[in-house]
Structures are given as C-alpha cells and as structure tokens.
Amino acid sequence: MMQSTFPYLSLAIWSPIVFGLIVLAIGRDENPTPTRVLSLIGAIVSFLVTLPIYLQFDNTASAMQFVEQAMWIDRFNIQYLLGVDGISMWFVLLTAFITVIVVIAGWEVIEKRVAQYMGAFLILSGAMIGVFTALDGLLFYVFFEATLIPMFIIIGVWGGPNRVYAALKFFLYTLLGSLLTLVAVIYLYMESGSFQILDWHTLPLTMAAQVYIFLAFLMAFAVKVPMWPVHTWLPDAHVEAPTGGSVVLAAIMLKLGAYGFLRFSLPIAPDASHALSGLMISLSLIAVIYIGLVALVQADMKKLVAYSSIAHMGFVTLGFFIFNDMGVQGGIVQMISHGFVSGAMFLCIGVLYDRVHSREIADYGGVINTMPRFAAFFVLFSLANAGLPGTSGFIGEFMVILASVQFNFWIGVLAATALILGAAYSLWLVKRVVFGAIAHQHVADLQDLNRREFFMLGVLAIAVILMGVYPAPFTDVMQVSVSNLLDHVSVSKLK
Amino acid sequence: MENLNLALALPEIFLAIAICAILLIDAFSKSGARDLTFVLSLGAIVVAGLLAYADFGNPTAYAFSNMYVSDSMASLLKVFSCVAIALTLIYSRGYAGDRGMIGGNTLGGEFYLLALFSLLGQFVMISGSNFLSIYLGLELMSLSLYALVALRRGHSVSTEAAMKYFVLGALASGFLLYGISMLYGATGSLDLQEVAAAVASGNVDRTVLVFGLVFLVAGLAFKLGAVPFHMWVPDVYQGAPTAVTLLLGGAPKLATFAIIIRLLVEGLLPLAFDWQQMLTVLAVLSIAIGNFTAIVQVNIKRMLAYSSIAQMGFMLLGLLSGVSNGDASQAGNAYSSALFYAITYVITTVGAFGVIMLLARAGFEAESIDDFKGLNQRSPWFAFVMLALMFSLTGIPPMVGFYAKLSVLQAVVANGQVWLAVFAVLMSVVGAFYYLRVVKVMYFDDPVDQVQLAGSHDMRVMLSLNGAAVVLLGVLPGPLMALCAYAVMQSLGGV
C-alpha cells in the first residue's frame with residue numbers, strides 16, 4: 001500500500017459534502033441564483049480535486065495507491081481507510097464529472113427548493129466517491145447505505161406522478177439486500193478480527209462459509225446492479241426520478257453494485273465464485289437477452305433506457321464471471337462507458353421532457369425537423385448505446401464478447417445477440433422519436449438546444465467519442481489491478 | 001448497619017433534599033407559569049448529574065450495607081437519565097402549560113416535581129444491589145409516572161391511560177415481588193451478591209429458583225414493554241399527554257436496563273441458561289410484533305410505542321448474547337452493546353417526541369402522522385432533525401442508530417446465532433417502512449396545516465442540538481462506545 005502524501009481521496013469525498021451542506025444552509029428559493037452558482041462552483045471544485053488522482057496514478061503498481069489511514073472506532077477496530085487501485089480510480093473521476101453535469105442539467109428546470117436539490121446531489125456525490133475508495137468493510141457499508149438517503153429524497157420530492165411508490169420501492173429493496181450483507185460483514189469481522197477488506201481477501205474460509213458470504217453479498221449487489229430477477233425497482237425509479245436523479249442513478253449508483261462484486265465477492269469467496277459462476281452467467285445472459293427484448297416493447301422513453309441499462313449491466317456481470325482478463329477489463333470499460341452513454345441518453349430525454357412534459361414515444365416524431373442539433377446528439381448517443389464501433393459503447397461489449405467466445409463459444413454467441421438487440425431498441429427509438437415527418441403540433445413548436453444544454457451534451461459526446469477511438473488511457477490504468485485480482489481469484493483459499 | 005458510606009449516595013441525597021426544597025418553594029409561589037420551579041428543577045438535575053458523573057471511573061463501592069452500589073455503569077446511566085429528563089422538561093414546558101398541567105388554578109409545579117421524583121426513583125434503581133432497594137426505586141419511579149399520566153385533569157383519554165398503566169403496572173410489580181420472594185425463600189438473602197453466591201454453590205432448590213426467575217423476568221418484561229407483556233404500551237403512550245409519554249418512553253428505559261443487568265447478570269448469572277432462553281423468546285416476539293403492528297398505525301405516538309417495543313426487543317438481543325461460552329470479553333461486548341443501544345435509543349426517542357410537541361399548539365395535538373405533512377416546507381431544519389431521528393431508529397448510517405444495531409448484531413453473531421441476526425435484520429427492513437413513511441409525509445406531501453411552528457426558543461435550540469447529536473454521534477461513535485464498554489467491564493469485573 002502506498003501511503004499518500006496529501007489526502008486527495010479525503011478531499012474528493014468531503015469537499016462535495018461540505019459544499020452540499022453550505023448550499024443547504026444558505027440557499028433560499030426566493031433568489032435561487034446564488035444557490036445554483038455556489039453548487040456549480042462546488043461541483044467543479046470537487047471534480048478538479050479528483051484530477052491529481054488521475055495525473056499521479058501509477059499504472060504499473062498493483063497495490064492500493066493514495067492510501068489514507070486513521071483509527072475511527074477503536075472498539076471494533078474500524079479504520080478510516082481509503083485507497084484506489086486500477087479498478088476504482090476511474091469511478092472517482094466519473095462520479096465527480098457526472099455531478100457537474102447534473103448540476104448544469106438542473107439549472108433552470110428545478111425551481112422549488114433548489115438548495116435542497118443541489119445539496120442532496122453534492123452530498124450524494126461525496127458518499128458515492130466514499131464507496132469507491134473505502135478499504136475498510138464497514139466504512140464501505142456506511143457510505144453504501146448513506147447514498148440511499150439523498151436518492152430517496154431526490155426521487156420523492158422532485159420526481160414524477162408515481163414518485164412515492166418508486167422512492168419507497170427503491171429504498172426498501174436496496175435496504176433489504178444491504179442488510180443481509182451487513183451480517184456477512186460482521187461474520188467476516190468475527191473470523192478475521194478486522195474490518196479491512198484487504199485482510200478479508202487473504203482470509204481462508206470453508207466452502208460453506210464462502211457460499212453463504214457470496215450469497216449475502218450477492219443479495220446487496222444483485223439488487224444494486226441490478227440483475228434479473230431483482231431488477232424491478234429500477235424501471236420505476238428511473239422513470240419517476242427527475243432527470244438529474246436518473247442520470248446519477250444510471251451512471252454511478254448501478255456501478256456501486258458491480259464494483260462490489262469485484263472488490264468483495266470475487267476476492268473474498270473465490271471458490272464459491274467459481275462454483276456459482278454458472279448461476280451468475282445464466283442470470284447475466286437472461287438480463288442481456290430477455291431484458292433486451294423487454295426494452296424493445298417499451299412505450300415510455302425513460303423506461304426503455306432503464307431496461308437497456310439493465311441489459312448493459314448484464315454484460316458487465318457476464319464479463320466478471322468468466323474469469324479472464326479481457327472479460328473483467330471489458331466489464332469495467334463497459335461500466336465507465338455506460339456511465340457516459342446512459343447519462344447522456346437520460347439527459348436527452350430530459351431535454352425533450354422539459355419542453356413537452358411527456359415521455360411517451362407516441363407523443364413525438366420528426367423532432368429532427370425542428371431540433372436538428374439535438375437530433376445529432378441523440379442519434380450519436382443511441383448509436384453508442386447500441387455499441388457502434390468508434391463510440392465508447394463498442395469497446396466494452398467487444399471485449400466481453402471476445403472473452404466469452406474464448407470461454408465458451410455458445411455463451412459468446414448469446415452475448416453477441418446483445419449487439420443485435422441493442423441496435424434494435426436504440427435505433428427503433430431514434431427512428432420513432434427523431435426521424436420522419438412532424439407528428440404533432442407541439443413537435444413543430446419545439447425550440448432547439450440552448451447553450452447550456454448544448455454544452456452538457458457536447459461534453460458527453462466528446463467523452464463518448466474519445467473513449468471509443470482511444471480507450472488506452474482507461475484500459476492501461478486497470479490492466480495491472482485486474483490481472484492481480486484474477487491471479488488472486490484463481491487460487492483456492494479453502495480452510 | 002455496617003458500611004453506611006453515606007458519601008457515595010451523594011447524588012440521591014442531594015436530589016431528595018432538592019426535591020423537598022423545590023416542593024416547598026413551589027407551594028408558596030405565586031400562581032403562574034411556575035418558571036422558578038422549572039429553573040430550579042433543571043438546576044437540581046444538572047447538579048445531580050454532575051455529582052453522578054464525579055463517581056465515574058472510581059472503583060466499585062457499596063453503601064447502606066450493600067444495598068447501594070456505586071460503579072461506573074451506574075454513573076454513566078445516571079448522567080444520561082439526567083440528560084433525558086432535563087431535555088424532557090425543556091421540551092414539555094410549553095406543551096404542558098398550554099394544557100393546564102403546570103400552573104393555573106388547580107395545579108402548581110407538580111409536573112416538574114413528579115418528574116424529579118421519577119428521576120430519584122431511577123437513581124435508586126440504577127444503584128440498587130439488593131432486591132429491596134431495586135424494588136423501592138422501581139415503585140418510586142412508577143408511582144410518579146402513574147400520577148403524571150393522569151395529570152391532565154378532565155381529559156378522559158389520559159385518565160383511561162393512567163388507570164390502565166396503574167393497574168397493569170401494579171400487577172407487574174406484584175409479579176416482580178412474587179418472584180423476588182421466591183428467590184429470597186430459596187437463597188435466604190435479599191442481597192444480590194449473596195444470592196449469586198448461593199445459586200452458584202448449587203445448594204439451592206432449582207425448581208423454586210426457576211419459578212421465581214420466571215416471575216421476575218415477567219415483571220421486568222412488563223416494565224420494558226416486551227411482548228407478551230406489552231399491551232399497555234400503545235394505549236398508555238397514545239393516551240398520556242405527549243410530555244408524559246416522553247417521560248415514560250425515555251429515561252425509565254435506562255433504569256430498567258440497569259435493573260435487568262443487576263438482577264439477571266450480576267445476581268442470577270448461574271441461571272443464565274434459563275433466562276437467556278426467556279429473553280430470546282421475548283426479543284424475537286417483540287421485534288416481530290412491534291415492527292409489523294407499527295406499519296398500520298396512523299397515530300404517530302402509537303406508532304412510536306410499537307416501535308419502542310421492537311427497539312427494546314433489539315436491546316434484549318444484546319443482553320442475551322453475553323452468556324454462552326463464558327468468555328468474559330464477549331460477555332462484556334454484548335452487555336456494552338445493549339447499554340450503547342439503550343442510551344442512543346433514549347436520546348433519539350426524546351428528540352422524536354420533542355418534535356411532536358413542537359408541532360402541537362394550544363388546542364391542537366399533533367398526534368396523527370398526517371400532521372407532519374409538508375414539514376419540509378414549513379420548517380426545513382426541523383424536518384431534517386426528524387429525518388435524522390427516523391433514520392437513526394431505522395438504523396441507516398451515518399446516524400448513531402446504525403452503530404447501535406451494528407454492536408448488537410455483532411454480539412449476536414459472536415454468540416454463534418447467525419440466524420437470529422438475519423431475522424433481526426429482516427425485521428429492520430420491515431421497520432424501515434413506517435419510519436420512512438414519516439419522512440415521506442414530511443418531504444413528499446404538501447402541508448395541510450400552514451401555521452407557524454410554536455415553540456419556545458430554548459426548546460428549539462435543545463431540539464436542534466438533540467438532532468445534531470444524533471448525527472454527530474453517528475460520525476464519531478467511538479468515544480461513547482468506549483465509555484459503555486469501560487462502564488460494563490468495570491461493573492461486572494470489579495467487585
């Protein structure tokens with residue numbers, strides 16, 4: 001572990017939280033501009049403090065970097081222990097980046113309780129970075145659960161007509177999974193005497209214990225990812241959440257679950273992971289194929305993108321459980337790309353919703369005639385969603401399919417159908433909404449993107465294309481950590 | 001009487017003299033708001049608390065020929081009882097004054113004096129090391145509380161609650177006394193240390209012992225409000241004036257915890273196998289019935305009553321986990337986790353009822369959950385305080401309630417009862433629903449009652465500090481946990 005000279009990670013976690021608290025304290029609805037400006041400054045500052053983590057990251061080291069350690073709760077030997085490696089590093093930056101985008105997205109449309117909206121997102125951002133950087137099991141759990149509170153409030157206060165149902169479902173479903181994980185965490189503490197995740201990685205466990213621990217962690221992470229069949233909270237939550245909430249939910253919060261598989265399930269219970277990999281691969285393929293088909297028949301744009309998120313995350317978990325380098329790296333790349341792409345898709349839908357106040361596909365048609373610049377972005381992001389080479393969506397999917405074919409030809413074939421289904425639902429959505437003749441009067445009255453929206457979508461478009469054309473910065477970072485993880489997972493640690 | 005050691009009992013002696021003095025001053029005060037009595041009562045509580053705190057860290061010592069024990073656990077519990085009663089008096093002053101419970105034509109400052117008497121009873125209970133002194137303290141506390149419940153004259157609901165509480169309470173005290181008499185008959189002594197020695201020696205008739213133990217546990221379960229002796233709790237919590245509900249629901253739990261430890265752990269440890277089984281049944285039933293029944297409540301006081309049944313069940317889980325394999329440090333862990341749970345529960349409950357009283361006004365009881373609608377729009381800060389308190393009771397980080405649940409779950413898992421921990425965790429998710437409903441109503445609904453919150457300045461300040469304490473203790477729970485651990489180890493280890 002490389003001890004940090006400067007607490008970059010603590011800064012990354014606490015600066016958005018502090019800014020969020022200040023915004024909450026001083027914000028007033030009568031004059032929202034200072035609140036918005038301060039939130040934007042806070043989000044940008046929080047993003048800038050994460051840049052040194054990228055610039056000073058050592059791609060060749062497999063150990064944890066930027067480590068910070070302090071005793072927190074002596075009684076249980078719980079430490080305030082932070083660190084990043086190749087697996088988690090990009091997620092810290094992604095989280096801070098998406099927060100900036102979300103603050104910009106909510107600039108005009110949120111008019112009631114602006115301070116609470118912005119404050120909730122900033123605090124949520126800090127908590128999510130905490131999840132990705134925590135190296136102490138209980139610290140991870142505290143941040144993991146702490147993300148529920150702001151998201152619950154965001155969905156419930158600024159969401160759509162059925163928001164209360166969606167918020168409660170989201171909260172209770174995720175809570176149930178995580179509380180079962182708490183028992184597993186406590187059990188691991190009893191066995192090893194410490195809460196540090198790295199100690200758990202080397203702890204020998206019997207097969208029965210490993211299976212129970214794997215299943216307990218699976219409960220939390222499967223709900224979070226989400227995997228079929230515990231995915232039903234996601235369409236409701238995405239549809240009812242405000243645009244910013246959907247973006248954060250899709251871009252970051254789903255990744256918390258997948259990250260949990262890599263940081264907990266695989267290294268702590270490697271034998272169980274191998275034994276249950278058949279189950280995990282089956283669930284992933286069901287998500288990819290079945291949910292892809294479900295996405296095809298959706299009439300609500302947001303629901304369609306929600307189901308497509310589940311299908312993409314199915315790819316991620318598939319990549320993880322075939323246990324080879326390309327698969328795991330492909331899964332992580334897919335996670336980052338999906339962060340950009342699905343975030344951008346939800347923002348596009350938000351742009352339309354702000355104007356027309358409808359998410360039904362039937363209410364649109366021929367948008368390109370009145371909003372050509374928007375249409376360009378929408379088509380680009382939909383193609384990225386479908387996995388077009390040249391966009392970031394292709395890289396991850398290609399690597400996972402390649403790895404699946406190496407593992408088992410037929411699994412590779414089934415996984416490859418994702419490309420077909422992805423193209424089907426994405427392109428059909430685009431065709432119905434964007435192309436063709438103008439279908440309704442309100443479409444004829446649409447105004448094209450203003451400068452704020454253009455900036456938001458433009459930045460994301462650049463990210464998507466850059467990552468699609470030159471993914472090396474992403475894969476180089478994770479190379480060593482992933483091979484280290486897989487080496488660890490391939491060794492049995494039965495007691 | 002050998003070893004009189006009057007000096008040890010200084011807090012109780014001071015409190016008794018102060019009560020007499022305040023009683024006389026109050027009797028001769030001009031009729032009015034009794035502010036002088038209020039200030040003097042607070043002063044008496046503060047001084048008593050400081051005197052109790054002065055004993056913390058001193059070795060265990062006995063007074064009144066072993067009827068009174070002064071150890072660190074007693075000191076800690078007395079300090080927190082003082083804090084709870086002081087907060088109660090501050091929160092209740094306006095509420096009780098509006099309802100003719102303080103001052104006016106017929107009453108003087110009896111409210112404050114009865115509260116002080118109940119505090120004195122709690123002090124005696126906490127420091128009791130003889131069956132008789134424990135019973136004496138218990139009755140002093142209970143009789144004061146019975147009178148307090150009935151204090152709102154002419155309000156039939158309160159009178160009914162008082163009757164119910166008195167009759168059932170007398171019955172429970174009878175059970176307790178009967179159990180004590182059997183134990184006295186079997187062991188030949190009322191002193192807890194001598195009883196423990198007699199039982200350990202094995203020369204005592206076991207049937208009589210267990211018989212007495214059953215009645216003892218039944219009496220204690222009633223006082224705590226554990227199923228199946230819980231029937232009084234919802235009716236009394238709902239029927240009593242909210243100020244008195246706060247008095248019954250807060251500090252007495254600490255005193256009851258103290259006597260459970262003294263009687264069962266210090267006095268009857270050799271019978272641990274028996275009372276552990278009884279407590280398991282009580283705990284499981286309380287957690288299940290308390291959580292499920294609270295879901296359907298529309299009156300928030302009744303909901304909090306059922307929630308207190310469930311929370312006390314959780315605390316009992318901690319108490320029953322200390323026994324199995326005679327490992328002293330594990331026992332200490334378990335009991336200190338139960339102590340930490342009790343203390344944090346009392347701090348949180350006092351705040352929750354305080355918020356209910358903040359919403360009430362002359363002629364308007366804020367008893368229905370619907371009265372909380374839109375509190376976020378009426379007063380964002382107090383809505384946040386209530387949010388913190390509700391999430392703390394659910395056990396969501398970063399509030400202190402999470403750490404309380406964590407400690408108890410850790411004790412249960414350490415005892416080898418992983419399935420009990422899983423059960424408790426599942427019930428917590430059930431519990432989350434009704435706590436979330438309060439948050440949902442505050443944040444997601446529009447207000448029906450737009451009146452400004454009426455609450456005196458001191459009450460608002462203390463309530464804010466109370467809410468902040470719940471969050472701050474959640475960020476840094478270590479010190480309080482360490483204090484609890486130290487107190488329990490010193491009390492059980494030292495003689």
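Helix axes that cross at over 145 degrees count as roughly antiparallel. Keep that cut-off in mind for a helix pair in chain B of this predicted model.

**A helix pair in chain B**

The pair is α1(B), residues 10-27, and α4(B), residues 110-126; their axes come within 10 Å and cross at roughly 165 degrees. The two helices are therefore roughly antiparallel to each other, and their crossing is left-handed. On the α1(B) side, the contact includes P11(B), L15(B), I19(B) and L23(B), while among the residues they face on α4(B) are L113(B), F117(B), L120(B) and F123(B). By class, the residues of this contact are 13 nonpolar, no polar and two charged.

**Where chain B touches chain A**

Turning to the two chains, their contact draws 25 residues from chain B and 26 residues from chain A. On the chain B side, α17, α18 and α20 each give two or more residues, and α18(B) gives the most, with twelve residues. That side has 21 nonpolar, three polar and one charged residues.

Here are the three helices in question:

| Helix of chain B | Residues |
|---|---|
| α17 | 400-414 |
| α18 | 418-444 |
| α20 | 478-493 |

**A closer look at F56(B)**

F56(B) sits in the loop between α2 (35-54) and β1 (61-63) of chain B. Is F56(B) buried or partly exposed? F56(B) counts as partly exposed, because it has 19 C-beta neighbours inside 10 Å, and 20 or more would make a residue buried. Leaving aside neighbours within four places in sequence, F56(B) is in contact with S72(B), S75(B) and L76(B). The C-alpha atom of F56(B) is also 8.3 Å from that of A74(B), 18 residues apart along the chain.

Technical notes. Residues are numbered from 1 along each chain as its sequence is written. Chains are lettered from A and ligands numbered from 1 in the order in which they are written. This is a predicted model: local features need pLDDT of at least 70, side-chain atom pairs count only at pLDDT 80 or more; totals for chains, interfaces and linings use all residues. Axes are lines fitted to C-alpha atoms, for helices over the stretch in contact, and angles run from 0 to 180 degrees between N-to-C directions. Helices (H or I, at least four residues) and strands (E, at least two) are DSSP runs, numbered from the N terminus. Angles under 35 degrees count as roughly parallel, over 145 as roughly antiparallel, 65 to 115 as roughly perpendicular and the rest as oblique. A crossing is left-handed if the near helix is turned anticlockwise from the far one by less than a right angle, and right-handed if clockwise. Two residues are in contact if their C-beta atoms, placed from the backbone, lie within 7 Å. Ala, Val, Leu, Ile, Met, Phe, Trp, Tyr, Cys and Pro count as nonpolar, Asp, Glu, Lys and Arg as charged, and the others, Gly among them, as polar. A residue is buried if 20 or more other C-beta atoms lie within 10 Å of its own, exposed if 12 or fewer, and partly exposed in between; C-beta atoms are placed from the backbone.
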